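Biologist: I am new to this structure and should be grateful for a close look at a single part of it, namely its aromatic pairs. Please describe the rings concerned and their surroundings.

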Amino acid sequence: MYVVLLTYTAPLEEVDYALPDHAKWLDKHFQAGEFLAAGRRNPRNGGVIITRPMARGKLDAILGTDPFSVGHLAKYEVVEFSATRTAPEVRLLNEAVAHTA
């Protein structure tokens with residue numbers, strides 16, 4: 001799984017202009033089942049995306065199509081982790097954890 005930390009590299013006015021396209025991009029990847037959660041950072045200097053497990057190359061390709069990336073409005077830090085513990089509500093979403101009844 002990955003946690004993707006976005007940090008804006010452009011003024012918020014430019015980010016806000018691209019926000020509707022970014023939201024559509026997020027929707028596409030939620031519908032494809034690739035993203036689990038996303039939201040703004042506080043303070044509002046970027047965002048966070050939590051993904052399902054996937055090949056790193058696939059994630060890099062997905063991030064390369066983000067309107068924030070295409071417009072050079074944000075930089076991305078990708079943190080890969082193996083979830084060895086999850087809350088019961090998340091357990092079914094985490095293919096990395098062996099499930100027992």
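Modeller: The account below begins with the protein as a whole and then turns to the aromatic pairs and the nonpolar core. The model is a predicted one. The protein contains four helices and four strands, and along the sequence these follow the pattern β-α-β-β-α-α-β-α. Of the 101 residues in the protein, 31% are buried. Among contacts with a separation of 6 or more, 65% are between residues 24 or more positions apart. The protein exposes about 6,300 Å², and carbon and sulfur atoms supply 56% of that area.

Three aromatic pairs are present in the structure. One of them joins Tyr8 and Phe68 in an edge-to-face arrangement, with 5.8 Å from centre to centre and 90 degrees between the planes. Tyr8 belongs to strand E1 (residues 2–8), whereas Phe68 belongs to helix H3 (residues 67–70), so this pair ties together parts that are 60 residues apart in sequence. Tyr8 has a relative accessible area of 15% and is therefore buried, since the limit for that class is under 20%. Phe68 also counts as buried, at 1% relative accessibility.

Another pair is made by Phe30 and Phe35. Their ring centres are 6.0 Å apart and their planes stand at 90 degrees; because an angle over 60 counts as edge-to-face, this pair is so classed. The two partners fall into separate classes of burial: Phe30, with a relative accessible area of 32%, is partly exposed, while Phe35, at 3% relative accessibility, is buried. Together with Trp25, Phe30 and Phe35 form one aromatic cluster.

Trp25 and Phe68 lead from these rings to the interior of the protein. Both are listed, with Val4, Ile49 and Leu59, as the residues with the most contacts inside the largest nonpolar core, which has 19 residues. The elements that give two or more residues to this core are strand E1, helix H1 (12–31), helix H2 (56–64) and strand E4 (74–80). Strand E1 is also the element in which Tyr8 lies.

Leu59 offers a view of the surroundings of one core residue. When its neighbours within four places in sequence are left aside, Leu59 is in contact with Tyr2, Val4, Thr51, Met54 and Val78. Val4 is thus a contact of Leu59 and, like Leu59, is named among the residues with the most contacts inside the core.

Definitions and conventions:
Residues are numbered from 1 along each chain as its sequence is written. This is a predicted model: local features need pLDDT of at least 70, side-chain atom pairs count only at pLDDT 80 or more; totals for chains, interfaces and linings use all residues. Side-chain values use heavy atoms; hydrogens and water are left out. Rings of Phe, Tyr and Trp (its six-membered ring) pair if their centres lie within 6.5 Å; planes under 30 degrees apart count as stacked, over 60 as edge-to-face and the rest as tilted. Buried means under 20% relative accessible area, exposed over 50%, partly exposed in between (1.4 Å probe, protein chains only). Contact means heavy atoms within 4.5 Å. Accessible areas come from the Shrake-Rupley method with a 1.4 Å probe; for residues, only the protein chains shown count as cover. A nonpolar core is a set of buried Ala, Val, Leu, Ile, Met, Phe, Trp, Tyr and Cys residues joined through side-chain atoms within 4.5 Å.
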